[in-house]
Amino acid sequence: MRMPRRGLVIQARTRWLLVGLALLFSLVLLMYLLECAPQTDGNGSLPGVVGETMGKEYYQALLQEQEEHYQNRATSLKRQIAQLKQELQEMSDKLKSLQEKKTPKVNGMNYQGTKEQTSNDLLEFLHSQIDKAEVSVGAKLPSEYGVIPFESFTSMKVFQLEMGLTRHPEEKPVRKDKRDELVEVIEAGLEVINNPDEEDGQDEDDGVGDRQLYSENDFIEGYYRTERDKGTQYELFYKKMDGMEYRHVTLFRPFGPLMKVKSETVDISRSIINVIVPLAGRTEAFAQFMQNFRDVCIHQDKRVHLTVVYFGQDGLSEVKSILESVARETDFHNYTLVSLNEEFNRGRGLDMGARAWEKGEVLMFFCDVDVYFTAEFLNSCRLNAEPGKKVFYPVVFSLYNPAIVYANQDIPPPVEQQLVHKKDSGFWRDFGFGMTCQYRTDFLTVGGFDLEVKGWGGEDVHLYRKYLHGELMVVRTPVPGLFHLWHEKHCADELTPEQYRMCIQSKAMNEASHSHLGMLVFREEIEAHLRKQAYRTNSEAAG
């Protein structure tokens, strides 16, 4: 093994230092002996003759002895240095041998260099994180509380479920790291779309000039959720202003760099949605629902079929009249009215509405008469449900009692002006599973609703749990274009204890926000305080 240059320099300096110390010591010793040498008497030899001769021989012998001593010392140091060099070489050889044993062999040869092997191991680990996560296939879960819901976002806002008492259902990202994260994800999705790989399904011959490039302005919406032991999944959707094709990019951050899962073009231009609404009475609410349906589905989207399943005879003729009136005024005839002369059962109504469709596969939106939705939501419905793969369970934003929310106004504003995501105007209804988008074949395959459930509530949770126990992926996320309008709730005595508890819970949650309910609870105390303040003011003015 060749001695490092630095080692040679140190060795040479050590040698010269030892020699210098030896010479200095000899000189000091010589001066000491000269000072301490005994004086001769008068009968002795004359100075400079016999005594001088004896002193020179003595000091020469002494110098020679000291020189031999330091030469021996230098030789010993050289031997120790050589021994240390040999031990260092042996340790280096052992370490190299251990590394070679840990390094796998391909065709009888070791990989050269540990950096390449480390990189391969890291990539293998990151891909294993994607395989473990619920990205491409669904996971079997024990209950409805096992789902990790997505949170949705646009380029400006985040729509979140977890609010506590300080956060808001709709927010601009306050933390810089969250803003930077979402900007990075949007830009990474653009990079995937604008620079596709072979696996993305685009021909290599298509040059950049032939390809339509996307920008940040083409980003429509995204969803993200984090599995704490695996990473964060991002679902991104882009669309040109004048086009009907959406670009869908899935990214995954396995607690490291973003990794592309897939990139695909999603054409929803021919995707029909069958909106199924079960109904009994409540014709005024149905008239309001049809106004929203006319504006969104007939005038804007134009790819919707409406199925109304009506229970009983009271109000049936009025419902028919509303549908016929809309048909005449808009030339819309893509609707079906199913009449059932029996007691209202939501699960039964939705099941009959699904089976009444006779044109093969179709995307269904299970809806209620009190729900207000936008054209953007219908596209979210199309993008997040896929036959045999995904069902969409959006979280509805439920509006509070407008009489309480807008108590400081003479009358509440129109419904369209109430559709805002504010903490005192509503909440994300994360305990409700009634609004869902799913394909007909998936609904029938899983067995549909439990028709034994009577009256209010429960049937939607049973269906939801069926999907959780199966192989399909459940996409659960709040969406900005889906609202539940407040209406008076009546919990019937005929309900089972569990249904009655759920009904009362829903009624309490729907009434008002935490702060507004507090104002109602302490109303008398507040009024008493105001009376005291008024009395004190009047007394001071009179005095």
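A residue is counted as buried when its relative accessible area is under 20%. By this criterion, 41% of the 543 residues of the chain are buried in the predicted model. The secondary structure comprises 15 helices and 18 strands. Among contacts in the chain with a separation of 6 or more, 72% join residues 24 or more positions apart.

The packing around helix α5 was examined with respect to two partners, α6 and α8. Two packed helices are described by the angle between their axes and the distance between the axes. Helix α5 spans residues 283-301 and helix α6 spans residues 316-330; the two pack at an angle of about 25°, and their axes are 10 Å apart. Because angles under 35 degrees count as roughly parallel, α5 is described as roughly parallel to α6. The crossing of this pair is right-handed. On the α5 side, the contact is formed by Thr 283, Phe 286, Ala 287, Met 290, Arg 294, Ile 298 and His 299. These residues meet Glu 318, Val 319, Ile 322, Leu 323, Val 326, Glu 329 and Thr 330 of α6. By class, the contact of α5 with α6 contains eight nonpolar, three polar and three charged residues.

The second partner, helix α8, covers residues 375-384. The axes of α5 and α8 come within 9 Å and cross at roughly 70°. Since angles of 65 to 115 degrees count as roughly perpendicular, α5 is placed roughly perpendicular to α8. From α5, Val 296, Cys 297, Gln 300 and Asp 301 take part in the contact, and from α8, Ala 375, Leu 378, Asn 379 and Arg 382. The residues of the contact of α5 with α8 divide into four nonpolar, two polar and two charged.

Helix α6 was then considered in its own right. Its 15 residues reach 21 Å from the first C-alpha to the last, close to the 21 Å expected at 1.5 Å a residue. The buried residues of α6 are Leu 316, Val 319, Ile 322, Leu 323, Ser 325, Val 326, Ala 327 and Thr 330. An α-helix has 3.6 residues a turn, so residues three or four places apart point the same way. The buried residues of α6 pack against α5 and against three strands, namely β10 (273-279), β11 (304-311) and β12 (335-340). Val 319, Ile 322, Leu 323, Val 326 and Thr 330 are buried and also belong to the contact with α5. Helix α6 is followed by Asp 331, which has a positive phi, near 60°.

Note on methods: Residues are numbered from 1 along each chain as its sequence is written. This is a predicted model: local features need pLDDT of at least 70, side-chain atom pairs count only at pLDDT 80 or more; totals for chains, interfaces and linings use all residues. Side-chain values use heavy atoms; hydrogens and water are left out. Axes are lines fitted to C-alpha atoms, for helices over the stretch in contact, and angles run from 0 to 180 degrees between N-to-C directions. Helices (H or I, at least four residues) and strands (E, at least two) are DSSP runs, numbered from the N terminus. Angles under 35 degrees count as roughly parallel, over 145 as roughly antiparallel, 65 to 115 as roughly perpendicular and the rest as oblique. A crossing is left-handed if the near helix is turned anticlockwise from the far one by less than a right angle, and right-handed if clockwise. Contact means heavy atoms within 4.5 Å. Ala, Val, Leu, Ile, Met, Phe, Trp, Tyr, Cys and Pro count as nonpolar, Asp, Glu, Lys and Arg as charged, and the others, Gly among them, as polar. The expected span of a helix is 1.5 Å times one less than its number of residues. Buried means under 20% relative accessible area, exposed over 50%, partly exposed in between (1.4 Å probe, protein chains only).
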